Amino acid sequence: MAAVFSRVKGTLFLLFLLHFCSGQPAPPLLRFSIFLDPSNMVYLRWDHDEQELMTFELQVHTTGWVAFGFSPHGELPGSDIVIGGVFSNGSIYFSDFHVVDEATLEEDESQDYQLLSMTENDTSTTMLFKRHLRTCDPNDLDITFAVPVEETKYACTFMPLPMVKQKHHIYKFEPVITPHNITLVHHILVYACGNASVLPSGIDDCYGANPDFALCSQVLVGWAVGGESYQFPDEAAVSIGTPWDPQYIRLEIHYSNFDLLPGLIDSSGIRLYYTPELRKHDVGTLQTGIFTFPLHFIPPGAESYRSYGLCKSSQFDEMNGMRVPDLHVFAYLLHTHLSGRGVKAAQYRNGEQLRIICEDNKYDFTLQEIRDMKEIITIKPGDEILVECNFQTLDRSEITFGGPSTMNEMCLTFLFYYPRNNISSCMGYPDILYIAHELKQEASDAVEGMMAMNFVDWDNETVKIAEKAAKEADQVVMIKTINVSPPSEQFVAGELESALVF
């Protein structure tokens, strides 16, 4: 016998069901599917229609009875569940319940789940049923995400990747955005987690009071407003299913509810396509640019202000734990927020600029998409990557600081490359004390340096002084890695971070 409870926050259930599409298509009735346990004993298929009706098929390797439910906090109390099974005489039972406490299960007065079929053979039980996303029963949990009435919300959860018995490749991904929420969903990122990471359950603010929800930093795939689906090149794709591949991911969705509209419901996500037909190389993603918080700032009233973030790859071998092969970059994604006007990434070798990796001098916040390189470029160990972002803040009277809000700023370039290594990000920021002193401000540490920016009389002259100082200052380079080692090994690290001054 088996009882299966989906350990996700009830109001976020549909939002964070990452859609996996295997190379072997499922019957057209139910488009989405996933194994809910590491042993592949519990298999869930589902779909929804325009009438907000969800259909589920639960297949469990057991006989007798099965249960499926939604939990508001990852615990049994407060759960909304449905239980069904086949008696020894062949008769069927099926009912809607809620959990009062660890020892008390009560049947709902309002039965809102509808059984479509219940079958059992010698080894397994299959239960097909449906329910509306929202019911009027206070004992039922809504299967939707109520977007908070906040200007900016980063919502995160953790979930397993598909449990496959051999290596597969994710060869394509695409956004699944609720149609009426096109302007609400800012971006969606999927991060790989180290196999030793102790991950929290449920859903929470990605960068809030619980730091565990910010774990996992290596981007697998990403989408931002204006982007569409993306298919990896014929020679490379994202690997899953081997002991060295991540088993879990962090799903991050950024909402921008500028008008503070209440009652907004969302069911957005990302659909991943995977296949056992392998490509030659495994894909990796390197995040470069300016370390966002807390030392990035843009002066107010600037027609043009350039910020710089440096990546030095000379420490990659040490951080990776082994030699890092050449990175063959085939695509990129540029990212700033509303005041960004241009993004450029340049490659340097032995102090000389080798080439412009990617550039957009007419950056459009509403058109952020993964773009293929015109030709594959090679980044060798020891090379430097300098990311430059151009901002315009004529409509702002206060300093714009780096941060997660859409009204804050970012300066990032995601480079998609092969073969994969364990470096997840390499970002820099200039010495804020040097900038403060060039602006004739007194400061003895970085915190005072940032506070001093608020006392500058910003005009065209001081903007240019700050920009020049930011370009000349030494850079602190932050390198992060994710160690994805076989779980059977005695030592398996989670995430490592190193700060280097150049």
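Let's start with the pocket: the largest one in this predicted model has a volume of about 720 Å³. For the method people, the search runs on a 1 Å grid over the protein atoms alone, and a pocket is an open set of points with protein on both sides within 12 Å along at least five of seven lines; lining residues have an atom within 4 Å of a point. Grid points are joined across faces, edges and corners, and the volume is the space filled by probe spheres set on the points.

Which residues are closest to the centre of that pocket? They are Tyr191, Tyr207, Gln287, Thr292 and Met410, out of 33 lining residues. The elements that give two or more residues to the lining are E15, E17, strand E20 (248-256), strand E27 (327-336), E33 and strand E34 (423-430). E15 gives the most, with three residues. By the way, strands are DSSP runs of at least two residues labelled E, helices are runs of H or I with at least four, and both are numbered from the N terminus. As for chemistry, the lining divides into 19 nonpolar, 10 polar and four charged residues. Here Ala, Val, Leu, Ile, Met, Phe, Trp, Tyr, Cys and Pro count as nonpolar, Asp, Glu, Lys and Arg as charged, and the others, Gly among them, as polar.

Some ground rules before I go on. Residues are numbered from 1 along each chain as its sequence is written, and side-chain values use heavy atoms, with hydrogens and water left out. As this is a predicted model, local features need pLDDT of at least 70 and side-chain atom pairs count only at pLDDT 80 or more, while totals for chains, interfaces and linings use all residues.

Now the whole chain. It has four helices and 36 strands. Of its 502 residues, 56% are buried, where buried means under 20% relative accessible area, exposed means over 50%, and partly exposed is in between, with a 1.4 Å probe and protein chains only. The chain exposes about 22,200 Å², and carbon and sulfur atoms supply 51% of that; the areas come from the Shrake-Rupley method with a 1.4 Å probe. Take the contacts (heavy atoms within 4.5 Å) between residues at least 6 apart in sequence: 75% of them join residues at least 24 apart.

On to the sulfurs. How many disulfides does the structure hold? There are four, a disulfide being a pair of cysteine sulfur atoms within 2.5 Å. With the bonded cysteines numbered in sequence order, the pairing reads 1-3, 2-4, 5-8, 6-7.

Let me walk you through three of these links. One joins Cys156 to Cys206, with 2.0 Å from S to S. Cys156 sits in strand E13 (residues 152-160) and Cys206 in the loop between strand E16 (203-205) and strand E17 (218-224), so this pair ties together parts that are 50 residues apart in sequence. The link is right-handed, with 100° about the S-S bond. Cys156 is buried at a relative accessible area of 0%, and Cys206 is buried too, at 1%.

Next, Cys193 and Cys216 have their sulfur atoms 2.1 Å apart. Cys193 is in the loop between strand E15 (185-192) and E16, and Cys216 is in the loop between E16 and E17, 23 residues away. Both cysteines are buried, and the link is right-handed, with 110° about the S-S bond.

Then there is Cys389 with Cys411, 2.0 Å between the sulfur atoms. This disulfide is right-handed because the torsion about its S-S bond is about 90°. Cys389 belongs to strand E31 (residues 384-391) and Cys411 to strand E33 (residues 411-418).

Two more cysteines for contrast: is Cys136 buried or exposed? Cys136 is exposed, with a relative accessible area of 84%, whereas Cys358 is buried at 3%.

Cys358 leads us to Tyr332, which touches it along with other residues, including Glu369, Arg371 and Phe414. Tyr332 is found in strand E27 and counts as buried at 10% relative accessibility. Its C-alpha atom is 9.1 Å from that of Thr285, 47 residues away along the chain.

Last stop, Thr126, in strand E11 (residues 125-132). Thr126 is buried at 17% relative accessibility, and among the residues it touches are Glu57, Leu58 and Ser117. Thr126 and His61 lie 8.8 Å apart, C-alpha to C-alpha, with their places 65 residues apart in sequence. Thanks, everyone!

How values were computed:
1 Å grid on protein atoms, 1.4 Å probe; cavity = no way out; pocket = protein on both sides within 12 Å on 5 of 7 lines; lining within 4 Å. Lists of a residue's contacts leave out its neighbours within four places in sequence.
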